[in-house]
Amino acid sequence: MTASAEAVSTPAAAKHPVRPALLLGALGIVFGDIGTSPIYAFRESLKAAGDTAVETTVLGVLSMVFWAVLLVVALKYVVFVMRADNQGEGGTMSLLALAVPVAGRLQPALLIVGLAGAALFFGDAMITPAISVLSAVEGLQVATPVVAPYVVPIAALVLVGLFAIQRYGSGSVGALFGPVMAAWFMTLALAGLAHLLQRPGVLMALDPRHALAYVSHAGGATTFTVLGSVFLALTGGEALYADMGHFGRGAIRIDWFALVLPALVLNYLGQGALVLADPTAAANPFFLLFPGWLLVPAVGLTTLATVIASQAVLSGAFALVQQAIQLGVIPRLEVRQTSDESAGQAYVPQVNWLLAIVVLGLVFGFRSSDALANAYGIAVAGDMTVTTVLVATVAHGLWRWPAALVFPVAGLFLALDLTFVAANAHKIPAGGWFPLLVGAVALTLMLTWRKGRAIAFARRAENAVMLSDFIAGLDRPDAPVRIPGTAIYFTTRTDVVSAALRLNVRHNGVVHDRVVLLQVTTERAPRLMEGQRITLEPLGSGFSLAQLRFGFAEKPDVMAALRLHHSEIGFDPDEASFFIGRENPVPSLRPELSRWLEPLYAFMARNAVRSPDYYRIPPPRVVELGTQVEM
């Protein structure tokens, strides 16, 4: 993986000029998760606090929610973290690609930390759809208890529909969901404002002294329990950053400060005002904001909004998987680009349906949003902590911020993150183990794949023949027979003969008149200009070395790139034969991969998308040569 300083420094704003349609689309994709937190966050926080009849408790909890959203989401993510865009792309993998090159001796440790954050994001991507949709459908019980037995089946049907439409892409989905989310945030604001005007004294909760007073009154144990529920108001903050490549930093910031943040604050204040007026409303303060005649339409809108909330993390998960494949930390999967304009908009079918199965399992297993709230938060808090570590590394090493500035800013955010991690720790026995298990499995898979590929490359190098010696030997009497045509061999190293070429010579004893050694590399930048795409170096005797470069957020369509640059490379790729080596991992008498990891790596290698399919090479032009690699 090579770095491209020119590509990394490309301003994101140029990629996503802010237009009204973009602002509306961002509402439909980016803010769904955090925008539906008012449905359950304040309710669960009051439940954790216990005594909701006391004004000090209500104002204290409300103040904690407000300042948590302001400090973590608004200040940390929207203002600070979103500065760390990698050519417009956001998310853990983009941040990792920026941080690792400037980490010095800490590179190995930072890589593991970054991959752990990415792994935890998958746990969030599984729980968010389940808790969001369940919490919305449960609102029907407030209107009519008769529907209680049907809440879980209804939620399952809604989720199946959500996963079924993912193949159309986040751009199309965002255009559909944008107007709904605009109506949703207006509804949040108006519903909260109606109750705020009846009890304006609740505005005192904006004073942080109410949060501090509650902490001193409630004690450490209760405070940490409440903070674990307050954190539910922040879920979705990481998705804002992960989805930045879809719509750009400018659109997300404008939407957040102009509409989303004011609507969230007004709604939380309205819920607080309602509970102060009627403490029994603490059982479900969100839905009780609405009068009876508006409740059913409100539930319908809420259900749509929670479907959209799930879209935010799903889009982030697809982008993360695409970047992880290109960065070489997970096997190749089928990635479908869903937009000709934005490389960040992708759809990964295998991941989509795996998430669908797990999410439905969570719905039928936990059966209520209250139960799922116990599983929610710990993985997101861990992911947020990783983000702070990575962005601090970028600020100091890449932006050249002085330590005197980086340490206080990062220290504040890290203190907040670790506080929320500790506050969510009590949830682990009651369900928080699930996202941690998902994260552990995902991290194991990524580290196993990365180590296995390193071993495979090392084994391949053991029998390598120097390329210069091979080309020089083509003039000898015992040299392989030269035959007409163009042969393209994929290679990872430019100084040795590729494994496929070596096998072809060994078994067939021939070499084509024109041989192109093609090295496909992934840059640390998300996208490249076409002028940076390809270079060709003649090596003599009909051999040449072609280097084809892609950004880590791009689909590596080799045939399309070669056709576009056919005049530069001097041959027609549609007339060439592509020789590709296919490795079959087998156990070794001198294993470098643990015995229990070797079958796992072999399973991933067998089920990875084949190179011809991944690189979009027509099957009639492909010749595959297999070999065994001892692990």
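**Exercise 1. Place Thr388: which helix holds Thr388, and is it buried or exposed?**

Step 1: Thr388 sits in helix α19; helices here are DSSP runs of H or I with at least four residues, strands are E runs of at least two, and both are numbered from the N terminus. This is a predicted model, where local features need pLDDT of at least 70, side-chain atom pairs count only at pLDDT 80 or more, and totals for chains, interfaces and linings use all residues. Residues are numbered from 1 along each chain as its sequence is written, and side-chain values use heavy atoms, with hydrogens and water left out.

Step 2: Check the cover. Thr388 has a relative accessible area of 4%, so it is buried (buried is under 20%, exposed over 50%, partly exposed in between, with a 1.4 Å probe and protein chains only).

Step 3: List the neighbours. Leaving out residues up to four places away in sequence, Thr388 touches Lys76, Ala410, Phe413, Leu414 and Asp417 (contact means heavy atoms within 4.5 Å).

**Exercise 2. Test the length of helix α20, then find what covers its buried residues.**

Step 1: Helix α20 runs over residues 403-424, which is 22 residues. The expected span is 1.5 Å times one less than the number of residues, so α20 should span 32 Å; the end C-alpha atoms are 30 Å apart, which agrees.

Step 2: Pick out the buried residues of α20: Val406, Ala410, Phe413, Asp417, Phe420, Ala423 and Asn424. For the spacing, recall that an α-helix has 3.6 residues a turn, so residues three or four places apart point the same way.

Step 3: Name the cover. It includes α5, α12 (220-230), α19 (378-397) and α21 (428-462).

**Exercise 3. Which residues form a nonpolar patch with Leu75 on the surface?**

Step 1: Leu75 belongs to helix α5 (residues 55-80). Its relative accessible area is 34%, so Leu75 is partly exposed.

Step 2: Its partners in the patch are Val79, Phe257 and Leu412, and the four together have about 320 Å² of accessible area.

Step 3: Mind the rules. Patch residues have over 30% relative accessible area and no salt bridge; like charges are joined within 9 Å, nonpolar side chains (Val, Leu, Ile, Met, Phe, Trp, Tyr) within 5 Å. Areas come from the Shrake-Rupley method with a 1.4 Å probe, and for residues only the protein chains shown count as cover.

**Exercise 4. Follow Arg43 through its salt bridges.**

Step 1: The structure holds 14 salt bridges (a side-chain nitrogen of Lys or Arg within 4 Å of a carboxyl oxygen of Asp or Glu). One of them pairs Arg43 with Asp370, with the closest N and O atoms 3.2 Å apart.

Step 2: Look at the sequence separation. Arg43 lies in helix α4 (residues 41-49) and Asp370 in helix α18 (residues 369-373), so the pair links distant parts of the chain, 327 residues apart.

Step 3: Compare the accessibility. Arg43 is buried at 6%, while Asp370 is partly exposed at 32%.

Step 4: Widen the view: Arg43, Glu44, Lys47 and Asp370 are linked in a network of salt bridges.

**Exercise 5. What does the salt bridge between Arg610 and Glu624 tie together?**

Step 1: The closest N and O atoms of Arg610 and Glu624 are 2.7 Å apart.

Step 2: Arg610 is in the loop between α26 (598-607) and α27 (611-614), and Glu624 is in strand β8 (residues 622-630), so the bridge ties together parts 14 residues apart in sequence.

Step 3: Arg610, at 29% relative accessibility, is partly exposed, and Glu624, at 31%, is partly exposed too.
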